[in-house]
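Biologist: I would like to learn how to read burial and helix geometry in a model. Could you take me through an example?

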Amino acid sequence: PRGLLAGHREMMTATASIPLVPRVTPAHPARRVGPRAWGGSGGWRRPRIGIRMDRRSAGDAPKPPADNSDLEPEQRDYTGTLKQYEEVPLVPKKLPAMLFPAEEVLLPGSAQVLHLYEARFLALLDEVTNETGGLFAHVTFLPPAQDEADDGGLRVNQVATLVRVEEVQREEVGAKVTIIGESRLSLRELEEKSQRGYLVGTFVPIPVMRNDGSAAYKPSKTELDEVEALADFIDDAVNDCVALVDKLLDGDGDEKLWDVGEAANEVEWGHGEVGNLKRAMAWIEGPYVTLDMLHVPCSMSERDWLRDAVEERVKHSELQLAERLSFACLQVAPASTEADYARLVSCRNVAMSAQHGLMDRLRLGKTLLEEQRSALRAKVALKSAFGAADDA
């Protein structure tokens with residue numbers, strides 16, 4: 001059974017013909033990346049052919065290099081029980097969509113800042129804020145496969161992210177928009193909304209965790225104990241990483257380590273990365289936001305997705321908290337190298353795949369955080385050694 005601890009089977013879709021392909025710039029993982037610009041040189045160009053749907057999951061793209069082969073979860077034995085299958089109709093819904101390269105995959109719990117200044121993207125922002133409650137789809141595309149020529153088209157991942165607009169700052173030219181990943185989507189179709197120039201997709205939600213497991217699988221006591229142990233390890237490792245970063249940055253003490261009030265404004269070296277980690281950890285306690293909860297039309301002001309959290313009505317089970325932790329823990333560590341960032345991207349793409357489930361993601365998070373914690377400990381030791389030498 002591949003339900004709770006494995007994944008949900010992806011849905012195959014037909015090819016969609018789209019005459020729009022975004023031109024992108026590579027990310028710079030070793031330093032904090034500023035707002036992503038959409039418009040001007042970051043606008044669109046016309047390919048020779050249109051977008052075609054990729055039949056693989058996000059976990060297959062980009063294909064991890066040889067030294068990342070350990071990130072692919074191993075096959076495991078299942079000791080839980082299958083539930084009687086409940087037929088839950090998944091009603092496809094249309095949403096505005098934006099395309100991003102595969103290395104910019106946005107996990108649930110992660111944040112991204114966009115700078116929109118071209119007319120079509122500002123039109124998309126208007127629809128999102130006025131019609132879809134601040135929600136749109138974050139879709140990634142793949143580079144050309146090694147065995148096929150680059151004909152100008154795109155292979156689009158079928159697993160996308162439902163994102164929520166958290167903040168809009170109107171500027172003299174365009175707008176700076178902060179978005180938060182909320183849950184995963186399965187892409188059925190992608191088309192151009194020709195009148196206003198941006199993309200619209202048809203999606204269904206990828207089901208989230210229930211109190212006692214997935215819709216089809218109930219974990220055994222042994223599996224629940226393993227989930228708890230992995231979640232405890234990840235929680236301890238995250239706290240260690242935050243404390244180590246504080247030492248690197250000459251912080252003011254433990255009482256400020258988990259203050260998320262200014263996390264969005266922390267832009268100095270290291271502060272941005274640890275700020276994103278803090279925000280992701282705070283997201284774990286927030287409410288689920290899924291596509292089936294959206295009823296259009298509704299504006300952002302009418303649909304306050306975080307009201308339940310403010311009124312302290314969110315009650316997640318341990319399994320649900322573990323699911324949200326499994327996504328939120330995969331964040332960029334301060335002073336990451338290009339190789340570190342490439343490995344994180346591989347982890348994130350595996351985590352997004354609908355072919356892998358909770359246990360796979362928790363093990364992935366454990367592996368990544370072990371590496372990040374070891375690297376940060378080495379940096380702190382090096383800093384202390386140089387500090388002692390200077391004092392001498």
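Modeller: Gladly; we will go from the chain as a whole to a helix and then to single residues. Please keep in mind that this is a predicted model.

Biologist: Let's start with the overview. How many helices and strands does the chain have?

Modeller: Its secondary structure comes to seven helices and 13 strands. Of the 392 residues in the chain, 51% are buried. The chain exposes about 18700 Å², and carbon and sulfur atoms supply 50% of that area.

Biologist: And how do I read contacts along the sequence?

Modeller: Look at how far apart the partners lie in sequence. Here, among contacts between residues at least 6 apart, 80% join residues at least 24 apart.

Biologist: Now a helix. What span is expected for H6, and what does it reach?

Modeller: The expected span takes 1.5 Å a residue, which gives 21 Å for H6; this helix of 15 residues reaches 21 Å from its first C-alpha to its last, close to that value.

Biologist: Why is H6 described as largely enclosed?

Modeller: Buried means under 20% relative accessible area. In H6, 11 of the 15 residues are buried, so the helix is largely enclosed by the rest of the structure. Among them are Tyr341, Arg343, Cys347 and Val350.

Biologist: Is Val350 a good residue to look at, and what about Glu192?

Modeller: Val350, in helix H6, counts as buried because its relative accessibility is 3%. Its C-alpha is 7.8 Å from that of Leu71, 279 residues apart along the chain. Glu192 belongs to strand S11, residues 175-193, and counts as partly exposed because its relative accessibility is 29%. The C-alpha atoms of Glu192 and Ala97, 95 residues apart along the chain, are separated by 9.6 Å.

Definitions and conventions:
Residues are numbered from 1 along each chain as its sequence is written. This is a predicted model: local features need pLDDT of at least 70, side-chain atom pairs count only at pLDDT 80 or more; totals for chains, interfaces and linings use all residues. Side-chain values use heavy atoms; hydrogens and water are left out. Helices (H or I, at least four residues) and strands (E, at least two) are DSSP runs, numbered from the N terminus. Buried means under 20% relative accessible area, exposed over 50%, partly exposed in between (1.4 Å probe, protein chains only). The expected span of a helix is 1.5 Å times one less than its number of residues. Contact means heavy atoms within 4.5 Å. Accessible areas come from the Shrake-Rupley method with a 1.4 Å probe; for residues, only the protein chains shown count as cover.
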